[in-house]
Amino acid sequence: MAFGRLDSSKPDAPMSEINVTPMVDVMLVLLVIFILTAPFMSSAIRLDLPQSEGGEAGAAPQAVSLVVDAQGAFYLNDQPISPEALRQRLSAAAQRNPNTELELRADQSVPYGRVVEAMGLAQKAGLSRIGFVAQTQARKP
């Protein structure tokens, strides 16, 4: 029986070079991100605005609430009101502040014609900003 000798070559030397490929990949990605976001960071225009002794900045627009219930009756700011009185009150609100917004809430059973009548009263009174208020449905999990 012959026993062979195992090759006793020297073990491999530790690798002394650094693999820079992953680092280069990361740096290129960061460079692309920087190139894409740099224009957004400097898009502000710097101005020295002139000084004025004018009034304060405009107040927030006022809102008037108009409700049309299931019977077709009008309620202005939760107070019952006739169509003629409604026209007068909306005209007064429009004269005070033309940017007054009308928040229109109508019962879903109200005929469309009654809602259009309310919108027409507001437009004739001088209110052009009308917001329709609706109730959102709760999401089912």
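1. Which handedness does the β-α-β unit made by strand 4, helix 3 and strand 5 have? The unit is right-handed. Please keep in mind, as you turn the structure around, that this is a predicted model.

2. Let's begin with the overall inventory. The protein chain holds three helices and five strands. If you walk along the chain from the N terminus, you meet the elements in the order α-β-β-β-α-β-α-β. Try tracing that path once before reading on.

3. Next comes the sheet. Its five strands form an open sheet with the order 3-2-1-4-5, and the pairing is mixed. Two strands sit at the edges, strand 3 (79-81) and strand 5 (129-132), and each of them pairs on one side only. Neighbouring strands in this sheet are turned by 30 degrees against each other on average, direction ignored.

4. A little background helps here. The strands of a sheet pair through backbone hydrogen bonds, and the pairing can be parallel or antiparallel. This sheet is described as mixed, and the next two points give you an example of each sense.

5. For the antiparallel case, look at strand 1 (residues 63-68) and strand 2 (residues 74-76), which are joined by three bridges. A good place to find this pairing on your screen is Val67, whose bridge partner in strand 2 is Tyr75.

6. For the parallel case, turn to strand 4 and strand 5, which are joined by four bridges. Here you can start from Leu102, since its bridge partner in strand 5 is Ile130. These two strands are also the ones that helix 3 joins in the β-α-β unit of the opening point.

7. Now for the helices that lie across the sheet. Helix 2 (residues 83-96) lies across strand 1, strand 2, strand 3 and strand 4 (101-106), and runs at about 30 degrees to strand 2. Helix 3 (residues 112-125) lies across strand 1, strand 2, strand 4 and strand 5, and its angle to strand 4 is about 165 degrees.

8. Where in the chain do Asn77 and Asp78 lie? Asn77 is in the loop between strand 2 and strand 3, and Asp78 is in that loop too. Most residues other than glycine have a negative phi. Asn77, however, has a positive phi near 50 degrees, and the phi of Asp78 is also positive, near 65 degrees. As for their surroundings, Asn77 counts as partly exposed because its relative accessibility is 38%. Asp78 has a relative accessible area of 61%, so it is exposed; the cut-off for that word is over 50%.

9. How many salt bridges does the structure hold? There are four. Side chains of opposite charge can pair when their charged atoms come close. Three of the pairs, taken one by one, follow below.

10. In helix 2, Arg87 forms a salt bridge with Glu84, and their closest N and O atoms are 2.7 Å apart. The two residues are three positions apart in the helix, about one turn. Arg87 is partly exposed because its relative accessibility is 31%, and Glu84 is partly exposed as well, with a relative accessible area of 42%.

11. Helix 3 has a pair with that kind of spacing: Arg114 and Glu117 both lie in this helix, three residues apart, which is about one turn. Their closest N and O atoms are 2.9 Å apart in the salt bridge. Arg114, with a relative accessible area of 23%, is partly exposed, and Glu117, at 35% relative accessibility, is partly exposed too.

12. Another salt bridge links Glu103 and Arg105, with the closest N and O atoms 3.7 Å apart. Glu103 has a relative accessible area of 25% and so counts as partly exposed. Arg105 is partly exposed too, at 33% relative accessibility.

13. Finally, step back to the whole chain. Of its 141 residues, 18% count as buried. The accessible surface comes to about 12300 Å², and 57% of that belongs to carbon and sulfur atoms. Among the contacts with a separation of 6 or more, 67% are between residues 24 or more positions apart. As you look at the model, you could pick out the sheet order 3-2-1-4-5 once more, and then find helix 2 and helix 3 lying across its strands.

How values were computed:
Residues are numbered from 1 along each chain as its sequence is written. This is a predicted model: local features need pLDDT of at least 70, side-chain atom pairs count only at pLDDT 80 or more; totals for chains, interfaces and linings use all residues. Side-chain values use heavy atoms; hydrogens and water are left out. Two strands pair if DSSP finds at least two bridges between them. Axes are lines fitted to C-alpha atoms, for helices over the stretch in contact, and angles run from 0 to 180 degrees between N-to-C directions. Contact means heavy atoms within 4.5 Å. A crossover is right-handed if, with the strands pointing away from the viewer, the path from the first strand over the helix to the second runs clockwise. Buried means under 20% relative accessible area, exposed over 50%, partly exposed in between (1.4 Å probe, protein chains only). Accessible areas come from the Shrake-Rupley method with a 1.4 Å probe; for residues, only the protein chains shown count as cover. A salt bridge is a side-chain nitrogen of Lys or Arg within 4 Å of a carboxyl oxygen of Asp or Glu.
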